[in-house]
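Colleague: Got a minute to go through this model with me? I would like to start with the helix packing and then move on to the sheet.

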Amino acid sequence: MSESEVAIFVCVSCRRPVEGRDAREDDLPGPPLVAALQARLAGEISVVPVECLAVCKRPCTLVLAGSSRWTYLIGDLDSDRDLEEIVEAARSYAASGNGILPWRERPASFRKGVIARVPPRATAAANPAAPEGLPS
């Protein structure tokens, strides 16, 4: 598997609320997660920081995506607490042919944090039951 087949996109603009004070730059959970994932997955899976995934109420958020695979949007992650689970899930995702991570095999942080699972674009063209007018 080449590094370009699968990517993890991590939001680096969401701020984690801190009780009793205004959000500050050091309350950004995304940048430390990007650094930790890049160190752990170098040469295996691309880790790409992105400015916004529009899930601001569930920081820290990431996307697991790959060509012709289902895409996962996962929120409420923590770079310290969930790092090993994210690495394990990313490797399982990359090893799968279609990107589907069976619910029972997902780490706890992914079971609790899943926001969406999006089918691959090719699914619309291959699904005769899909409503007319969907892009293929």
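Modeller: One definition before the helices: axes are lines fitted to C-alpha atoms, for helices over the stretch in contact, and angles run from 0 to 180 degrees between N-to-C directions. Also keep in mind that this is a predicted model.

Colleague: Fine. At what angle do α1 and α2 pack?

Modeller: About 50°, with the axes of helix α1 (residues 30-41) and helix α2 (residues 83-95) 11 Å apart. That makes α1 oblique to α2, because angles under 35 degrees count as roughly parallel and 65 to 115 as roughly perpendicular.

Colleague: Is the crossing of α1 and α2 left-handed or right-handed?

Modeller: The crossing of α1 and α2 is right-handed.

Colleague: Which residues in α1 and α2 meet?

Modeller: From α1, Leu-33, Ala-36, Leu-37, Arg-40 and Leu-41; from α2, Leu-83, Glu-84, Ile-86, Val-87, Ala-90 and Arg-91. By class, this contact of α1 with α2 has eight nonpolar residues, three charged ones and no polar ones.

Colleague: Back up a step. How many helices and strands does the chain have?

Modeller: Four helices and five strands. Read from the N terminus, the order of the elements is β-α-β-β-β-α-α-β-α. The chain has 136 residues, of which 40% count as buried.

Colleague: And what share of the contacts comes from residues 24 or more positions apart?

Modeller: 66%, taken over the contacts in the chain with a separation of 6 or more.

Colleague: On to the sheet. What is the strand order in the sheet?

Modeller: It is an open sheet of five strands, ordered β2-β1-β3-β4-β5, and the pairing is mixed. The edges are β2 and β5 (114-118); each has a single partner strand, so one side of each is left without a neighbour in the sheet. On average, neighbouring strands of this sheet are turned by 15° against each other, direction ignored.

Colleague: How does β1 pair with β2, and how with β3?

Modeller: With β2 the pairing of β1 is parallel, over five bridges. With strand β3 (residues 62-66) β1 runs antiparallel, and five bridges join the two. Ala-7 stands opposite Ala-65 in β3, and Phe-9 has Val-48 in β2 as its bridge partner.

Colleague: What about β4 and β5, parallel or antiparallel?

Modeller: Antiparallel, with four bridges between strand β4 (residues 71-74) and β5. Leu-73 is opposite Ala-116 in β5.

Colleague: Which strands does α1 touch, and which does α2 lie across?

Modeller: α1 packs on the sheet and touches β1, β2 and β3, its direction making about 160° with that of β1. α2 lies across β1, β3 and β4 and runs at about 20° to β3.

Colleague: How many residues of β1 are buried?

Modeller: Five of the six residues of strand β1 (residues 6-11) are buried, so this strand is largely enclosed by the rest of the structure.

Colleague: What about Phe-9, buried or exposed?

Modeller: Neither. Phe-9, found in strand β1, is partly exposed because its relative accessible area is 27%, and buried means under 20%. Leaving out residues up to four places away in sequence, Phe-9 touches Val-48, Val-50, Leu-53, Thr-61, Leu-62, Val-63 and Ala-65. Leu-62 is 53 residues from Phe-9 in sequence, and the two C-alpha atoms are 5.4 Å apart.

Colleague: Val-50 is in that list. Is Val-50 buried or exposed?

Modeller: Val-50, in strand β2 (residues 46-50), is buried because its relative accessible area of 19% is under 20%. Beyond neighbours within four places in sequence, Val-50 is in contact with Phe-9, Val-10, Cys-11, Val-12 and Ser-13. From Val-50 to Cys-11 is 39 residues in sequence and 5.0 Å in space, C-alpha to C-alpha.

Colleague: New topic: backbone oddities. Which peptide bond is cis?

Modeller: The one from Pro-59 to Cys-60, with omega near -5°. Cys-60 is in the loop between β2 and β3.

Colleague: Why mention a cis bond or a positive phi at all?

Modeller: Because most peptide bonds are trans, and most residues other than glycine have a negative phi.

Colleague: So what is phi for Ala-54 and for Asp-76?

Modeller: For Ala-54 phi is near 60°, and for Asp-76 about 65°. Ala-54 lies in the loop between β2 and β3 and is exposed, at 65% relative accessible area. Asp-76 is in the loop between β4 and α2 and is partly exposed, at 35%.

Terms used. Residues are numbered from 1 along each chain as its sequence is written. This is a predicted model: local features need pLDDT of at least 70, side-chain atom pairs count only at pLDDT 80 or more; totals for chains, interfaces and linings use all residues. Side-chain values use heavy atoms; hydrogens and water are left out. Buried means under 20% relative accessible area, exposed over 50%, partly exposed in between (1.4 Å probe, protein chains only). Contact means heavy atoms within 4.5 Å. Angles under 35 degrees count as roughly parallel, over 145 as roughly antiparallel, 65 to 115 as roughly perpendicular and the rest as oblique. A crossing is left-handed if the near helix is turned anticlockwise from the far one by less than a right angle, and right-handed if clockwise. Ala, Val, Leu, Ile, Met, Phe, Trp, Tyr, Cys and Pro count as nonpolar, Asp, Glu, Lys and Arg as charged, and the others, Gly among them, as polar. Two strands pair if DSSP finds at least two bridges between them.
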